Amino acid sequence: MQPLQQAPEPWTRPARPPLPLHELTLREVRDLTPHMRRLTFDMDGQLDYRAGQDLALLVPGADGELHRRHYTIRDAAPGEAAIDFVIHGHHGPGELFALNARPGDRLEARGPRGRTVLNPDADWHVFVGDETCLPGIFAMLETLPRRARAFAFIEVEDKDDRQYLDADCDLDLEWLVRNGPAVAASLPLIERMSLFAPPPGRGQAYVIGETSTVRTIRRGLLARGFDKAQIAAEGYWRPGRLGGHDHIFDEG
Ligand SMILES: Cc1cc2nc3c(=O)[nH]c(=O)nc-3n(C[C@H](O)[C@H](O)[C@H](O)COP(=O)(O)OP(=O)(O)OC[C@H]3O[C@@H](n4cnc5c(N)ncnc54)[C@H](O)[C@@H]3O)c2cc1C
């Protein structure tokens, strides 16, 4: 007689293998806009990543501990990687690292990671997010081919935080200027997306940024006939949350 097979205990599920570890050495610091600072790092080898993916950086905190913070890979080439840090004003370890950064500073990073990447089969693409998403949205837009149709709605703090984008695709890019620091639930982004008129064909939406904003926009798109597979959604920050990210695929 066959021995009874035991159901696997939930806690025996194999752990995911750790993401590759990278040593980054800061080469250059440059302010792109009043609230966005680019740090360019030297590193061994080249990141094997898809546009929109991020690295989990281990940044030092005021408590002397290392803290994990997610930052999108804005650009990478053999031996280097560029990351754009939002200066949001709350003085978290990620922001403070960028504010105090000096060439020669070193960091460890794990990745690339993340599922908010282009769907190559989509007939068109719509991107929505705030300044924390700008590096990811721009990186994705830059890799879309000339024939691709794309729409992007990006909220920034100040009109001088808008950035120039050199993309080949057929793009309608709309900036929403907040005129002040970011708060939970971006009503301008929510309202603008409720007015978005999808073109014919099967599109893909990339909805990222503050968690409650992402959740509301995702619900709105589902109510208007998008199916779940058509929406990549991730919460990049939320008031009071320290680092991390929010998966948003569990409701609707
Ligand atoms: C996949 C992914 C990719 C990301 N890519 C980028 C990127 O390329 N560039 C980038 O700058 N950020 C990016 N973020 C967002 C970034 O990880 C968070 O903003 C993070 O909280 C910053 O860490 P911190 O140490 O500065 O602040 P924390 O210590 O995490 O937070 C301190 C306080 O600041 C608040 N806070 C954090 N971020 C913001 C914000 N943007 N606006 C207002 N209040 C805020 C928190 O709610 C908290 O109250 C990404 C997040 C994810 C999940």
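Domain bounds here come from an automatic or database domain assignment.

**View 1. Two domains in a predicted model.** The model is predicted. The protein chain is assigned domain 1 (21–113) and domain 2 (124–247). Their centres, taken over C-alpha atoms, are 22 Å apart.

**View 2. Where domain 1 meets domain 2.** Contacts join 18 residues of domain 1 to 18 residues of domain 2. On the domain 1 side, strand S1 (21–33), strand S4 (66–72) and strand S6 (80–86) are the elements that give two or more residues. S4 supplies the largest share of that side, with five residues. By class, the side of domain 1 that touches domain 2 holds nine polar, five nonpolar and four charged residues.

**View 3. Residues around the ligand.** The ligand has 28 residues around it. Val-86, His-90, Gly-92, Gly-94 and His-245 come nearest. Four elements each give two or more residues to this shell: S4, S6, helix H1 (93–100) and strand S12 (231–237). S4 gives the most, four residues.

**View 4. Make-up of the ligand shell.** Both domains take part: domain 1 (21–113) and domain 2 (124–247) each provide at least three residues of the shell around the ligand. Sorted by class, the shell has 11 polar, 10 nonpolar and seven charged residues.

**View 5. Strand S4 in two settings.** On the side of domain 1 that touches domain 2, S4 contributes five residues, the largest share. In the shell around the ligand, S4 contributes four, again the most. S6 also appears in both places, giving two or more residues to the domain 1 side and two or more to the ligand shell.

Technical notes. Residues are numbered from 1 along each chain as its sequence is written. This is a predicted model: local features need pLDDT of at least 70, side-chain atom pairs count only at pLDDT 80 or more; totals for chains, interfaces and linings use all residues. Two residues are in contact if their C-beta atoms, placed from the backbone, lie within 7 Å. Ala, Val, Leu, Ile, Met, Phe, Trp, Tyr, Cys and Pro count as nonpolar, Asp, Glu, Lys and Arg as charged, and the others, Gly among them, as polar. A residue is near a molecule or strand if its C-beta atom, placed from the backbone, lies within 6 Å of it.
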